[in-house]
Number of protein chains: 2
Amino acid sequence: MTEIDDVDHRLLRMLREDGRRTFSEMAPEVGLSVAAVKRRVDRLRDSGVITGFTIQIDHAKLGRAVEAFVEITYTGSTPVGEIVRTAYRAPEVQAVHTIAGAPDALVQVRVRDIAHLQQVIDGLRRTGHVTGTKTLMVLGSWTRN
Amino acid sequence: MTEIDDVDHRLLRMLREDGRRTFSEMAPEVGLSVAAVKRRVDRLRDSGVITGFTIQIDHAKLGRAVEAFVEITYTGSTPVGEIVRTAYRAPEVQAVHTIAGAPDALVQVRVRDIAHLQQVIDGLRRTGHVTGTKTLMVLGSWTRN
DNA sequence: ATTGAAACCTTCCAGTA
DNA sequence: TACTGGAAGGTTTCAAT
């Protein structure tokens, strides 16, 4: 594990709130020079703490208003790699988490409507050696920035 | 809903892969001028499709190696706002999803270790009118970029 | 850590199809 | 209405102190 001090944590929080904040904007807030801030952010990227820059999207505005988590259980002989690969194949799948215990996987999906959800779940059930699924329909989400 | 054409989708995909991609870098890829690309990205932000820019963080490198989802059920009289507020209070909570049916909420947490997880779950159980929890320990995660 | 300079990007405005 | 092109201002980046 790399050494992360308080200034690094503040820089991370600022960038999590706005990934486009400029070095010259952050420098006075942490009391360092622009170059020093750049060196720290570069180090956070090189050490793998920051894995990338991205955007947050309102999927509802893109016609995918329905969000759900699908819990999946597999036969005991199904390897993890296959679990992830088969689930991840569907473009509606946003994330796959493998789980210790039951269920074996938790899959986050985003779809247009209920009919589309049905179709994606059917696809998940068909692939691999699925023994059962349980779907958790999301009513609302609050994610930490 | 705003009109999103193919070029907009390509810009969104590029920015999701790298939120720092510059206008001048994207312009030739979509066959437009820099100013035209800026106008489109501005419009995607103004219309609320792009809700923000952020960074992706490897939390394990920050000393929070353990990830889990906690399913929570509440008494029938608990309002949604309180569900979210009480869960969201803990800084270990990354996201709160309210669910239709059972459970009532799915809470994503990141913690240092199992002892820390125990402590956070205890905190979740104490607040509000929780009638039960079930914890899904994450072994691995794959998120779409 | 700071300074200074070069290169690059963003931003805006007027012009054009 | 949407795109192009150029010019101005700011930011990043690198080298030297």
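The legends below describe close-up views of a predicted model.

**View 1. Chain A and chain B are related by a rotation.**
Turning chain A by 180°, with 0.1 Å of shift along the rotation axis, superposes chain A on chain B with an RMSD of 0.1 Å. This is the relation of a two-fold axis. Within chain A, the C-alpha nearest the axis belongs to A:T54, at 2.8 Å from it. Both copies use the same surface: 100% of the contact residues of chain A recur in chain B.

**View 2. Residues of both protein chains surround DNA strand D.**
From chain A come A:T22, A:F23, A:S24 and A:K38. From chain B come B:L32, B:S33, B:A35, B:A36, B:R39 and B:R40. Of the atoms of DNA strand D that come within 4 Å of the protein, 87% are in sugar and phosphate. Sorted by class, the surface near the strand has four nonpolar, three polar and three charged residues.

**View 3. Phosphate oxygens of DNA strand D lie at short listed distances from three residues.**
At A:F23, a polar backbone atom is 3.2 Å from a phosphate oxygen of the strand. For A:K38, an N or O atom in the side chain is 3.2 Å from a phosphate oxygen. For B:R39, an N or O atom in the side chain is 3.0 Å from a phosphate oxygen.

**View 4. Helices from both chains contribute to the surface near DNA strand D.**
The elements giving two or more residues to this surface are α2 (23-30) of chain A and α3 (34-46) of chain B. With four residues, α3(B) gives the most.

Definitions and conventions:
Residues are numbered from 1 along each chain as its sequence is written. Chains are lettered from A and ligands numbered from 1 in the order in which they are written. This is a predicted model: local features need pLDDT of at least 70, side-chain atom pairs count only at pLDDT 80 or more; totals for chains, interfaces and linings use all residues. Side-chain values use heavy atoms; hydrogens and water are left out. Copies are superposed by least squares on the C-alpha atoms of residues with pLDDT of at least 70 in both. Contact means heavy atoms within 4.5 Å. A residue is near a molecule or strand if one of its heavy atoms lies within 4 Å of it. A polar contact is a pair of N or O atoms within 3.5 Å; within protein, one must be able to donate a hydrogen and the other to accept it, and residues adjacent in sequence count only if both atoms are side-chain atoms. Ala, Val, Leu, Ile, Met, Phe, Trp, Tyr, Cys and Pro count as nonpolar, Asp, Glu, Lys and Arg as charged, and the others, Gly among them, as polar.
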